[in-house]
Each structure stands twice: as structure tokens, then as C-alpha cells.
Amino acid sequence: MNDSIKSIYDAVIAYDADLVKRLVNDAISSGEDPIKIMNEGLSKAIIEIGDKFGKEEIFLVELMVAADACKAGVELVKNNILEKKVKSEKPRGIIVLGTVLGDIHNIGKDILKTLLETGGFEVHDIGVDQPANNFIDKALAANAKIIGSSALLTTTAPSQKDIETNLLNRKLKGKIKTIIGGAATNADWAKEIGADFYASTATEGVNIIKKYFEGEGNED
Amino acid sequence: MRTKLEILSKDELDTIYQTALDILEKIGVNIEDDRIIELLKKNGCTADSNNIAYIPQKLVEQCLNSTPRGKVRLSGRNPDKDMILEKDQKYPFIISHVLMNYYDELKNDYHTITQDDIRDFVTISDSLDTISGNWMCTLMPDYGKMYSFYEYEIAIKYTSKPVCISSFEPEAIPPTLELAEAVAGGRDELLKRPLTVAFCEISPLTWNKYGCDMLKACSKWGIQPIITVETPMGDTGPVTFAGNIAQKIAELLSGLVIVQLLQEGLPVAFVVPLETFDMRTAQICLASRPDYIYGLAVGQVEDYLDIPFISPVSPDSKALDMQQGYELSFSLLSRMLCNNKCIVIHGLDQTHAICNELLFLMDEMVLSGKRMLDGIEVNEETLAFEPLKEVAAKMEGNRRNGHFLNHKHTLKWFTPEQLPRKDNIIDKYRREKWQEMGSKSFVKRASEKASTILESYKPEPVSKDIENAMKKIHEKYNIPVI
């Protein structure tokens with residue numbers, strides 16, 4: 001890792017989004033390889049921070065602020081890649097995320113989104129209060145392999161079942177996997193409705209999704 | 001604003017204090033030592049044929065004036081870790097007491113304390129930032145009449161924090177003092193950072209022969225006395241709070257007067273438990289309801305006298321159960337919130353047993369108590385108007401969807417406002433996660449943490465000089481190494 005990439009890595013570790021942006025701009029201006037900035041600076045730092053959070057060595061706020069700092073750098077690099085028409089790496093996987101119909105809680109979903117994006121995944125966030133078919137339509141349009149739905153209220157958790165039913169009806173069950181989470185859910189509920197995965201926390205969700213796309217259980 | 005609970009008005013404190021002075025002057029103190037009686041008489045007291053000395057207000061005030069303030073220092077190996085008990089302390093010092101038995105909740109085992117138990121308990125206490133030192137009173141049978149020397153020696157080995165001891169057999173004084181000299185780094189240093197010993201007066205209003213011997217030993221050897229009075233409510237003290245506190249003050253001041261007459265200028269502190277005679281079981285109990293009320297007054301009384309009180313927190317519960325949690329939290333919190341200077345925590349079973357796991361509950365409670373003392377900071381930054389404005393500006397469609405989880409304001413203020421811990425053993429997981437992790441109780445988690453600390457934590461080692469001094473003292477006084 002050269003000095004400019006190391007300083008980008010350090011700035012993410014220091015949770016300093018403004019510094020990350022400045023250093024990434026400087027590195028790009030001085031001709032640094034954008035893929036290297038992404039992989040050896042930004043991604044490396046956020047993966048380490050994610051691991052630390054997983055081991056309970058840092059708090060969620062530190063992870064979230066670092067992820068924002070990382071995202072600020074990633075945006076600049078992406079723009080540079082587009083400008084230069086450099087061949088970028090494929091995303092590690094494509095996921096659709098949203099909160100189910102009748103439910104407007106977004107924090108857990110947003111944490112998962114941030115962690116996935118900084119981990120190299122392409123995330124399509126359809127927002128809160130979304131009917132089941134919106135998840136499926138978006139997954140088809142974006143060629144996503146996983147739908148993630150969040151439900152915080154016991155009154156809205158049945159909407160997660162609607163996603164499973166609609167996938168079955170549209171003969172997509174199994175082709176698009178589902179992961180559920182949120183305070184109103186648990187592993188038994190996932191089993192009952194036929195969801196493929198259940199995550200009790202955002203970090204657990206990231207691990208399940210990573211594992212899926214890394215091949216284990218991936219039918220592609 | 002900093003938190004401080006007060007339960008007595010200035011007028012009420014004046015009245016209680018004046019009653020204490022009246023007790024000394026009109027009811028008097030029984031003193032079983034002719035030399036001390038003579039000394040008191042020479043200094044303006046009267047005494048009757050029953051060895052009751054009547055101490056005038058003038059002498060009490062003179063002796064209070066000659067008692068140094070802000071000089072009570074509890075010492076150990078590392079001077080940087082000394083506790084200096086003084087009026088404007090930010091937080092109380094917390095001492096964990098080593099007692100006669102060890103209780104293992106997970107094994108349902110209760111046994112006479114062993115050296116291994118002491119080593120482990122003192123080591124864990126040394127590793128915890130919330131605990132400032134140890135107090136030793138194990139009376140371990142193997143230690144015989146040298147128990148105070150042995151207790152001091154083993155504690156010194158496993159902690160560099162202050163170590164206090166409770167009384168001693170007269171023959172244990174010279175070797176203990178020699179070891180304290182080696183720990184302090186010489187006789188002159190020991191005078192500045194003295195050995196601290198606690199001993200008891202006998203209620204009501206009696207200094208028996210043992211107590212008088214201890215008072216004289218302290219003045220002779222330059223040992224810092226911690227005078228303890230026990231006036232169980234309804235037993236040897238009145239059942240009313242005001243009267244009981246007045247009696248306590250009178251008894252404490254009688255000891256202070258004798259100490260100052262024996263050696264003017266010797267620093268003094270008081271140990272002042274609030275015991276209740278339980279009329280249902282005929283037991284003297286320490287963590288009953290009255291203790292919590294008295295706990296709220298301790299800080300005010302010690303500030304009034306300007307002499308530090310070391311105040312015991314002593315749960316009566318026999319197990320690490322809900323009663324333990326209740327008694328420990330009420331006793332501890334009342335003292336912390338009234339600005340008591342130093343709290344000594346006995347484990348469980350009415351000052352009879354210790355338990356490693358309990359240290360972690362204390363640790364968590366003390367941290368929370370300290371944070372409560374800090375109060376709530378109100379300023380432009382903590383009011384968080386601008387951060388809220390930014391968060392509220394985030395929209396998804398026409399619905400606000402912002403949060404503070406990734407905000408710099410949270411990053412900056414989360415730790416100072418909440419004092420979070422990364423290695424917290426207080427369970428905050430979802431039930432499923434908790435089950436996945438083994439459905440462990442607090443005691444089980446604390447036991448695992450104790451094992452981790454004992455495997456990985458090494459207390460600051462004793463210096464070669466102290467080690468050599470220990471060897472020499474054993475040889476010189478023919479004290480077997482146990």
C-alpha cells in the first residue's frame with residue numbers, strides 16, 4: 001500500500017469523511033489507479049471496521065460514520081471510473097432492500113444497506129411502506145438475487161409472507177432468495193412463511209448475504 | 001449540574017452535632033484504660049469512679065482543629081494509585097473487602113477462604129478501574145496470630161493499589177509495619193504514606209481495653225487510625241436516625257479526641273456502618289431499609305465534620321440473587337449520590353463472604369453511579385439543535401427518514417454521555433442471540449470474565465526490594481511462609 005492509499009485507509013479508520021473526500025480527490029488527480037484506491041484503501045478499511053464491529057470492538061455509530069466516510073470516497077472513485085471508462089469490478093451481488101407495507105421504520109434496513117454497499121454489493125433500496133410486488137418487480141428489473149425485507153411491527157410482519165406467496169405465484173420462488181429481519185421477526189417466523197434466510201442483526205444479514213454470493217447455496 | 005442528594009438541612013445537622021457534643025459532655029464515655037483517663041483529665045475532662053470520662057465541647061473542638069484535613073491517604077505499592085480522601089472529591093473511592101469465606105454460586109460451594117481465593121479476588125480487584133483498593137480481614141485460621149501480617153503481605157503481592165487492614169494482634173505490629181516501610185520505601189516515606197488500620201469502639205460509648213490498646217498503638221507507631229463505630233439501631237443505638245447519628249458522631253469524636261491527645265496531628269478517618277437490629281430474626285443486618293436512608297446522610301455528615309467517612313456497603317443476601325442486587329444497588333447508590341468519600345463493599349452474607357462474580361456487578365453499578373453524579377450537561381452542543389435540523393432534513397418522498405446513527409454528533413457525544421463499554425457483560429442482546437450464545441446468566445458470564453482476567457491479567461509485580469524485605473521479615477520474626 002503506497003502512502004496516498006494508506007492515508008485514505010487511515011482517514012476511513014479515523015471516521016473523517018471530509019478528509020477521505022479530499023485525499024481521494026488528491027489521489028485521483030495525481031493519477032492513482034481508482035481500482036486500487038477502492039480495493040486497497042476504502043474497502044480494506046471498511047472491511048476491517050466491519051470485522052471490529054462484528055467482534056464488538058467498536059460501536060455501531062463508529063461503523064456507520066466510517067461507512068459514510070467510505071461511501072463518500074467510493075462515490076468519487078466511481079465517478080472517476082465512469083469518466084475514464086476504466087473497467088470496474090463487478091459488484092459482489094445485487095440485492096433489493098425495503099421495509100414492508102404499513103411499516104415506516106428504516107434504521108435497520110439503512111444499516112444493512114450501508115454495510116452491503118461499502119462491502120462491494122449493489123443495493124437497490126425501495127424505501128419504506130412497500131407492497132410485496134414492489135420488492136419483486138425491482139428485483140426483476142435490477143437482476144437482483146436476494147430480496148431483503150424488514151418489519152418492525154407485529155402487525156406488518158404478515159406482509160413478509162405476501163412476498164413469499166407472490167414469489168410462488170409468479171414462479172420465482174427459489175430463483176430469487178429472501179432474507180427477513182426486524183424486531184417483529186425471528187427464525188421461527190422465517191421458517192413459517194418460507195423465507196430463505198433470517199438475520200437478527202444487520203451484521204448477521206451481511207454475513208449471510210456474503211456467504212450466499214460467495215457460492216455456498218448460490219445456485220448461479 | 002452535578003448531582004448531589006441531601007437529606008438533612010444545615011439546622012438539622014447543627015442540632016445533631018450539638019446533641020453529639022452534649023452526649024460527650026453529659027453522658028460521657030466509658031474508657032477502660034487508666035493512662036487515657038489521666039490524659040483526658042489533664043486536658044479538661046472529668047471522670048468518675050466508673051471510668052466514665054466527660055469530654056467538654058471545647059476539647060472536642062480543639063482536637064477537631066488539630067486533626068489535619070485533606071491528609072487522609074490510603075496507600076499501597078504505587079503512589080499514583082493512592083486514595084486521598086478530601087472534601088471536594090469528584091467521585092467516591094471504592095474499596096473491595098476481602099472476608100472470611102468464599103462463595104461460589106455456580107458450584108453452590110461456601111468455604112473458608114483460602115490463599116488462592118484471596119489471590120484471585122485481589123487480582124481481579126486490581127484489574128478493575130472502578131475499584132481503588134482492598135481491605136483485608138480474613139482471619140484465616142492458617143494465619144494464626146499473625147493474620148494481619150499475612151493478609152497485608154498477600155494483598156500487597158497481588159495489587160499495587162492501596163491496602164488497608166482491620167486491627168491486629170499486638171505481636172503482628174512490628175513485622176507488618178516493617179513490610180509497610182518496605183512498601184512505602186523507608187520510614188520517612190511511611191510517615192507520608194502510612195499504614196492504615198481500622199478498629200472498633202464498642203457501643204454504647206465505650207472504649208474497651210482492646211480499643212484503647214489500638215489507639216495507643218497507632219500513636220506509638222505512627223499508624224493511621226480508622227475509627228469504627230457500630231451502633232445497631234434498636235440494639236446499642238437508638239432506633240431513630242437522628243439519635244443514632246448523634247450517638248455515632250459522639251463515639252467517633254471520642255476516638256478522635258483520644259488520638260489527638262496521644263499524638264497531635266495524626267490524620268484520622270471514620271468507618272461508619274449503619275446496622276439494624278432485625279426484630280424479626282434477632283440478627284444485626286447491614287443492608288436493610290434504614291441503611292439506604294442513612295446512606296443518603298453519610299456525605300453530609302462527613303462534610304459537616306470535615307473528616308472522611310468510609311462507609312460500608314454490606315448485603316445480607318446469601319446468594320447472588322435478586323436480594324443481592326437490591327441490597328447492593330440501594331446501599332451503594334444512596335452513598336454515591338450523597339457524595340460519600342469512600343465506600344467499602346463487603347461481598348455478601350452479612351460481611352462474611354466474598355465472591356469474584358460480584359466484583360463485576362459492583363463494577364457496573366459503580367460506573368453507573370459515577371455517571372449519575374456527573375449529571376446532565378446543558379450547552380449548545382449537547383442541546384443538539386443543529387444535528388437535529390440536519391437529521392430532520394433527510395427525506396424519503398415526503399416522509400422524514402433521517403437518524404442520528406451515522407451522525408458526527410453521536411460519534412462525539414455517545415461515549416461521554418453514556419459511558420458505554422465494549423466488553424460489557426450486562427446482556428443487551430435479542431433473546432435469540434442470547435440463546436445462541438448459551439443462554440448464560442449474569443453469574444455465568446461474570447465467572448467467564450473472571451477466568452479470562454485471571455488467565456491474562458498480571459498485576460504490577462512487587463519490586464525486588466519488597467520481595468527481599470518479605471523474606472527477611474519472615475526470617476527475623478520466625479513467621480512461616482504459607
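Visitor: Which exposed residues does the face of α8(B) turned away from its buried side carry?

Guide: A residue is exposed if 12 or fewer other C-beta atoms lie within 10 Å of its own, buried if 20 or more do, and partly exposed in between, with C-beta atoms placed from the backbone. Here that face carries B:K209 and B:K220. This is a predicted model: local features need pLDDT of at least 70, side-chain atom pairs count only at pLDDT 80 or more, and totals for chains, interfaces and linings use all residues. Residues are numbered from 1 along each chain as its sequence is written, while chains are lettered from A and ligands numbered from 1 in the order in which they are written.

Visitor: Which are the buried residues of α8(B)?

Guide: They are B:G211, B:C212, B:M214, B:L215 and B:C218. Because they cover an arc of only 160° around the axis (taken from the directions from the axis to the C-beta atoms), they sit on the same side of α8(B).

Visitor: What do these buried residues pack against?

Guide: Contact means C-beta atoms, placed from the backbone, within 7 Å. In chain B, the partners include β11, β13 and α9 (241-262). Helices (H or I, at least four residues) and strands (E, at least two) are DSSP runs, numbered from the N terminus.

Visitor: What follows α8(B)?

Guide: B:G222 does, with a positive phi near 70°.

Visitor: How do strands β11 and β13 of chain B run?

Guide: Strands pair if DSSP finds at least two bridges between them. Here 5 bridges join β11 (residues 196-200) to β13 (residues 224-228) in parallel, and B:F199 stands opposite B:I227. Both strands belong to a barrel of 8 strands with parallel pairing, in the order β6-β9-β10-β11-β13-β14-β17-β18 (chain B).

Key. Contact = placed C-beta atoms within 7 Å.
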